[in-house]
Amino acid sequence: PDYQEMITSNMDYLENALGEVFHYAEDYAKFTVMVDKARRVDVDASMNQREWTTEEFHHILSQHTEQVRSMVRMRTHQRIGMMEVFSDGFQQSCLPFPKEVLGAINRKLPVIANKKNEELMRIIKGASKKLDNMPESVEEFVDHLTFLGRMVSELPILEREFTVVTRLFVIA
């Protein structure tokens, strides 16, 4: 009879401790959501389909950097009642997914930024060369004025492209 009360008491204590462990484990559901989101991001395939905007680069980088920070700050050890819970293995299994996304972007972003910068520089150098040549005939002067008119109309596009290149380098 006395031992049955002790067993019942121990079972109640164990049941409460298990409830606390389950409650503790619920805090880790957000990390599984993060892993699922990171697994769905295929940087290479997405960039092969279309070019990303600077906002998309910034959003994905911010999101996955924050995921890595959250996972690094994750509690990896907790004593709950008479149980000791270790979750460092869980942490180590979660971290590679957002880090893989960040790695893919860090490989691609500088290449894209440099390519866009080289394209912009090629356009600017070509325009500069053309503007450096003084027209020697009426026909060349008309071509020169036509070129100036075209450059004036294309200037907003070049300014937008410059802004994009600048943002890419800032993000990279």
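This is a short guided tour of the structure above, one selection at a time. Keep in mind that you are looking at a predicted model.

**Stop 1: the hairpin**

Start by selecting residues 77–80, which form strand β1, and then residues 83–86, which form strand β2. The two strands run antiparallel, and four bridges join them. To see one pairing, pick R79: its bridge partner in β2 is E84.

Now look at the turn. Two residues sit between the strands of this hairpin. One residue to click here is G81, which takes a positive phi near 60 degrees.

Next, show the side chains of β2. Which of them point to one face, and which to the other? M83 and V85 share one face and are buried. E84 and F86 point to the other face and are not buried. This fits a general pattern: in a regular strand, side chains alternate between the two faces of the sheet.

**Stop 2: helix α4**

Move back along the chain and select residues 54–73, which make up helix α4. Begin with T54, which lies in this helix. Is T54 buried or exposed? With a relative accessible area of 8%, T54 is buried, because buried means under 20%. The side chain of T54 makes a polar contact with the side chain of E55, at 3.4 Å. If you set aside the neighbours within four places in sequence, T54 is in contact with V164, R167, L168 and I171. Try colouring those residues to see where T54 is packed.

Stay in α4 and click H64, which is also found in this helix. H64 is buried, and its relative accessible area is 0%. What does the side chain of H64 reach at 3.0 Å? It is the backbone oxygen of I60. Leaving out neighbours within four places in sequence, H64 is in contact with A38, V41, P98, V101 and L102. Show these residues together with H64 to view its surroundings.

**Stop 3: salt bridges**

There are 10 salt bridges in the structure, and we will visit a few.

Select D44 and K108 first. They form a salt bridge, with the closest N and O atoms 3.7 Å apart. D44 lies in helix α3 (residues 43–49) and K108 in helix α6 (residues 96–132), so this pair ties together parts that are 64 residues apart in sequence. Both ends are partly exposed: D44 has 33% relative accessibility, and K108 has 24%.

Go on to R50 and E56. Here the closest N and O atoms of the salt bridge are 2.3 Å apart. R50 is partly exposed at 44% relative accessible area, and E56 is partly exposed at 24%.

Now find K116 and E161, whose side chains meet in a salt bridge at 3.3 Å, N to O. This pair links distant parts of the chain, since K116 is in helix α6 and E161 is in helix α7, 45 residues apart. K116 is buried, at 11% relative accessible area, while E161 is partly exposed, at 24%. Add E51 to your selection as well: E51, K116 and E161 are linked in a network of salt bridges.

**Stop 4: along helix α6**

Remain in helix α6 and click A127, which is found there. A127 is buried, with a relative accessible area of 9%. Which residues is A127 in contact with, leaving aside its neighbours within four places in sequence? They are F147 and M151.

This is a good place to try your viewer's distance tool. Choose the C-alpha atoms of A127 and K115, which are 12 residues apart along the chain. Their separation is 19 Å.

**Stop 5: a nonpolar patch**

Finally, turn on the surface and select L131, F141, L145 and L148. Together they form a nonpolar patch on the surface, with about 330 Å² of accessible area. Which helix gives the largest share of this patch? It is helix α7 (residues 138–171), which supplies three residues.

For a last click, choose L145, which lies in helix α7. L145 counts as partly exposed, at 45% relative accessibility. Compare your view of L145 with H64 from the second stop: H64 is buried, at 0%.

How values were computed
Residues numbered from 1 in each chain as written. Predicted model: local features only at pLDDT ≥ 70, side-chain atom pairs only at ≥ 80, totals over all residues. Heavy atoms only, no water. Buried < 20%, exposed > 50% of the residue type's maximum accessible area, 1.4 Å probe, protein only. Pairing = 2+ DSSP bridges. Polar contact = N/O pair within 3.5 Å; in protein donor to acceptor, adjacent residues only side chain to side chain. Contact = heavy atoms within 4.5 Å. Patch = residues over 30% accessible without salt bridge, like charges linked within 9 Å, V, L, I, M, F, W, Y side chains within 5 Å. Areas by Shrake-Rupley, 256 points an atom, 1.4 Å probe, with all protein chains shown as cover. Salt bridge = Lys/Arg side-chain N within 4 Å of Asp/Glu carboxyl O.
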